[in-house]
Amino acid sequence: MVKLLSVGALLVAFSAPLLAAEVAYEDHDGMLMDHGEGHLMDMAGGMVMGQNASTLPGGCESISETKEITVHAGHKYAEKFPGRMYAFDKQEFNFKPCTKLTVHFINEDHVRHQWMMHGLPKYLYPKGMFHLEASGPSKISGTLILPPGDKTYLVHCDIAQHMEKGMKAQLKVGKGDGDLPSIPGVTAFVVADDYKATLPELAVKAEAQAKVDDVAAVKAAVVAKQAAADKLAGIAPPPTTPVALQDDSFLSGTSIIGLALGVIIAPFLARKFKGMSVSEVVAYSFELIGTSIAYVVKLLTGLISLIMSKKTKILPNK
Ligand SMILES: [Cu+2]
């Protein structure tokens, strides 16, 4: 009897996780830990940033309306948009200024998705963002108070390439201030897909363009090389004719800079190389190039460290 009971208990214990697995969506809302400054997070990949349910943005006398929306995100919502991979179930939202908005975000894919809103006032929302994030099939909710005024806000998923693949929407407060590009089903794509040409046609076109570019590059290199050699040998450059000036592939900005550098450096080098053997000239040239590269690298490192030190100063104090 005891054996039978323990077998029964074991069966129940083992079937519990199986039953739990049938619940497709994980609810992050009950597990979130408040990290302060509107940042909530749990260990299962749920996150809320810019949570604000109580502080009125400047210019709002009071909360005008309290709204709740549920937004679904997933591959299946992109199926109606040719060439897109991910999408929200809705691409446009409209609310009155100073609305207290709660967003229930449901991610239906087995990848990470976000509902990220940009352009909010930075004194109230860190980095100007309100951000919901959910890993795998799950639900997460967050609340914010929309600012006053007519403005169009970008809403997207910031995971690499998810916005370009279609997960993009716009949220208009009041009348908004225009439309954003590349919102599936709402506005035209910035980079439109060309469905008229066939793939072989596109390949031929790209190849022809690459050839034209190559020829121009080789032409410029030959001209610059010849001019430098002439300078070293003491041959005066041929007078620049108006015809040559009109040919822009002949005299690009880079080749002009190259020529100017050649003119400056050539007399100096000619004096240096006087009385040197060929091997000495080669050795000296390499040394000169090495020193120049070292100098440029030093200059760049200095510049980068300068930028980095400035960047850390800009970051908000935690
Ligand atoms: Cu995404």
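**A walk through the strands, the core and one long helix**

Let me start at one residue, Gln161, whose place is in the loop between strand 12 and strand 13, the latter being residues 168-173. Before going further I should say that what we have here is a predicted model. Gln161 has a positive phi of about 75°, although it is not a glycine. As for its surroundings, Gln161 counts as exposed, because 11 other C-beta atoms lie within 10 Å and the limit for an exposed residue is 12 or fewer.

A second residue belongs beside it. Glu37 is not a glycine either, and its phi is positive, at about 55°. Glu37 sits in the loop between strand 2 and strand 3, where strand 3 is residues 40-41. Glu37, however, counts as partly exposed, because it has 13 C-beta neighbours inside 10 Å.

Now to the chain as a whole. The chain has 318 residues, of which 18% count as buried, and its secondary structure comes to five helices and 13 strands. If we take the contacts in the chain with a separation of 6 or more, residues 24 or more positions apart account for 67% of them.

Let me turn to the sheet that contains strands 12 and 13. In what order do its eight strands run? The order is 2-3-4-10-9-12-13-7, the sheet is open, and the pairing is mixed. Its edges are strand 2, residues 33-34, and strand 7, residues 92-95, each of which pairs on one side only. Within this sheet, strand 9, residues 112-117, and strand 12, residues 151-156, run antiparallel and are joined by two bridges. If you would like a pair to look for on the screen, take Met117, whose bridge partner in strand 12 is Val155.

There is also a set of pairings around strand 8, residues 99-107, and here I will go one partner at a time. With strand 5, residues 65-74, strand 8 pairs in the parallel sense over nine bridges, and one of the pairs to follow is Thr70 with its bridge partner His104 in strand 8. With strand 11, residues 138-145, strand 8 pairs in the antiparallel sense over eight bridges. Here Phe105 stands opposite Ile140 in strand 11, and Ile106 has Lys139 as its bridge partner. Strand 11 in turn is joined by two bridges to strand 1, residues 26-27, and these two run parallel; on that side, the bridge partner of Asp27 is again Lys139. Is strand 11 enclosed or open? Strand 11 is largely enclosed by the rest of the structure, because six of its eight residues are buried.

His104 deserves a moment of its own. This residue lies in strand 8, and its C-alpha atom is separated from that of Thr70 by 4.5 Å, although the two are 34 residues apart along the chain. Leaving aside residues up to four places away in sequence, His104 touches Glu68, Thr70, Lys139 and Ser141. Its 16 C-beta neighbours inside 10 Å are the reason why His104 counts as partly exposed.

From there we can move to the nonpolar core. It is a general tendency that, in soluble globular proteins, nonpolar side chains are buried together. In this model the largest nonpolar core has 34 residues, and those with the most contacts inside it are Phe105, Met117, Leu132 and Val155. Several strands each supply at least two residues of this core, including strand 4, strand 6, strand 10 and strand 13. Which strand gives the most? That is strand 8, with four residues. To see how one core residue is placed, look at Leu132: not counting residues up to four places away in sequence, Leu132 touches Val48, Val103, Phe105, Gln114, Trp115, Ile140 and Gly142.

I will finish with helix 2, residues 199-233. This helix has 35 residues and reaches 51 Å from its first C-alpha to its last, which is close to the 51 Å expected at 1.5 Å a residue. Helix 2 is hardly covered, for the count of buried residues among its 35 residues is one. Directly after helix 2 comes Gly234, whose phi is positive, near 85°.

Technical notes: Residues are numbered from 1 along each chain as its sequence is written. This is a predicted model: local features need pLDDT of at least 70, side-chain atom pairs count only at pLDDT 80 or more; totals for chains, interfaces and linings use all residues. Two strands pair if DSSP finds at least two bridges between them. A residue is buried if 20 or more other C-beta atoms lie within 10 Å of its own, exposed if 12 or fewer, and partly exposed in between; C-beta atoms are placed from the backbone. A nonpolar core is a set of buried Ala, Val, Leu, Ile, Met, Phe, Trp, Tyr and Cys residues joined through C-beta atoms within 7 Å. Two residues are in contact if their C-beta atoms, placed from the backbone, lie within 7 Å. The expected span of a helix is 1.5 Å times one less than its number of residues.
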